[in-house]
Amino acid sequence: MKALIPAAGLGTRFLPATKAQPKEMLLVVDRPAIQYVVEEGLASAADEVVIVNSREKKAIEDHFAPNPELVALLRERGKDAYADAVEAVGSYPVSYVYQEEALGLGHAVRCAAAKTAGEPFYVLLGDVLVPDNGMLPAMQAVSDAHGGASVIAVMPVPDDEVSRFGVIAGAPISDDVWKVDALVEKPALEDAPSNLAVFGRYLLSPRVMELLADVQPGVGGEIQLTDALDAVLAEEEMYALIVDPADGFDTGTVESWLETNNILFQRKNG
């Protein structure tokens with residue numbers, strides 16, 4: 001089972017900082033943002049993390065590559081804790097596929113079709129951090145309880161933010177689980193079927209990957225993952241796990257990135 005991390009975007013909101021440095025490599029307290037996401041994927045049922053990368057973002061690949069020379073230098077200077085950290089990140093089972101054009105999240109996921117090999121897979125958005133790594137196992141438990149169904153994480157959002165996200169329609173079957181009937185990508189508030197926004201963590205059936213091959217460009221002229229999820233609902237059940245806003249962090253804007261740094265720094269340092 002693979003965990004896919006789309007990371008080929010331009011990071012427009014962070015320009016000019018992201019002109020030379022990938023957004024995913026921006027520091028969050030003590031490590032690049034994407035390292036949190038990779039570690040979360042590896043803490044789940046996944047045996048490998050697949051980063052859907054741009055060929056311009058070599059820094060991401062350098063970060064996860066072994067660097068025995070640096071490790072040896074650090075150990076020679078008595079900096080064993082730093083050496084251990086560098087050695088660990090260089091040993092993670094991470095591989096890469098490439099999105100040659102920025103054609104949307106659905107297209108990015110489809111670029112990794114050969115890696116998933118007809119198996120269920122996770123999708124973890126690179127600008128969403130879940131530091132305690134507990135969300136994917138909780139989603140897996142919901143899937144297991146419902147015959148291997150697809151599961152998406154959702155979070156309640158204020159009315160003025162509904163139009164930024166894909167939101168779900170459906171009905172609750174427990175305090176924190178909904179059965180999903182439909183998904184709507186970035187609806188106007190008056191058209192939104194709920195205030196439960198897709199949060200950036202997905203556990204998807206192999207059928208979703210198959211349907212992505214036929215999805216037509218939607219909102220913004222891009223191939224939307226939400227459209228494939230909506231299509232799979234005609235064939236399969238899907239569930240949503242409502243997550244606590246305190247468990248995950250959106251770092252997709254400068255403001256939210258700064259807020260995440262402040263919160264996680266306080267957590268780390270008491």
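Thr-253, in this predicted model, is in contact with Arg-13, Phe-14 and Arg-164 once its neighbours within four places in sequence are left aside. The residue is found in the loop between β13 and α10. Its relative accessibility is 17%; because buried means under 20%, Thr-253 counts as buried. Its side chain also makes a polar contact, at 2.9 Å, with the side chain of Ser-256, and Ser-256 is one of the buried residues of α10.

That contact leads into the helix itself. Helix α10 runs over residues 254–269, 16 residues in total. From its first C-alpha to its last it reaches 22 Å, close to the 22 Å expected at 1.5 Å a residue. After the helix comes Gly-270, with a positive phi near 75°.

Which residues of α10 are buried? They are Ser-256, Thr-260, Asn-261 and Leu-264. Viewed down the axis of α10, these buried residues fall within an arc of 140°, and they therefore line one face of the helix. The general geometry behind such a pattern is that an α-helix has 3.6 residues a turn, so residues three or four places apart point the same way. On the other side of α10, Glu-255, Asn-262 and Gln-266 are exposed.

The cover over the buried residues of α10 includes the elements β2 (27–28), α1 (33–42), β7 (128–129) and β13 (249–250). Of these, α1 merits a further look. Helix α1 is mostly covered, with nine of its ten residues buried. The buried set comprises Ala-33, Ile-34, Gln-35, Tyr-36, Val-37, Val-38, Glu-39, Glu-40 and Gly-41.

Ile-34 connects this helix to the interior. In soluble globular proteins, nonpolar side chains tend to be buried together. Here the largest nonpolar core has 71 residues, and Ile-34 is among those with the most contacts inside it, along with Ile-51, Ile-152, Ile-168, Leu-183, Tyr-202 and Leu-229. Strand β11 (residues 196–204) supplies the largest share of this core, six residues. Apart from this core lies another, of five residues, among them Val-157, Val-162, Val-167 and Ala-197.

Leu-183 illustrates the surroundings of one such core residue. With neighbours within four places in sequence left aside, Leu-183 is in contact with Ile-152, Val-167, Ile-168, Val-198, Thr-226, Leu-229, Asp-230, Leu-233 and Met-238. Among these partners, Ile-152, Ile-168 and Leu-229 are themselves listed with the most contacts inside the largest core, whereas Val-167 belongs to the core of five residues.

Conventions. Residues numbered from 1 in each chain as written. Predicted model: local features only at pLDDT ≥ 70, side-chain atom pairs only at ≥ 80, totals over all residues. Heavy atoms only, no water. Helix = DSSP H or I, 4+ residues; strand = E, 2+ residues; numbered from the N terminus. Expected span 1.5 Å × (residues − 1). Buried < 20%, exposed > 50% of the residue type's maximum accessible area, 1.4 Å probe, protein only. Arc of directions from axis to C-beta. Contact = heavy atoms within 4.5 Å. Polar contact = N/O pair within 3.5 Å; in protein donor to acceptor, adjacent residues only side chain to side chain. Core = buried A, V, L, I, M, F, W, Y, C linked by side-chain atoms within 4.5 Å.
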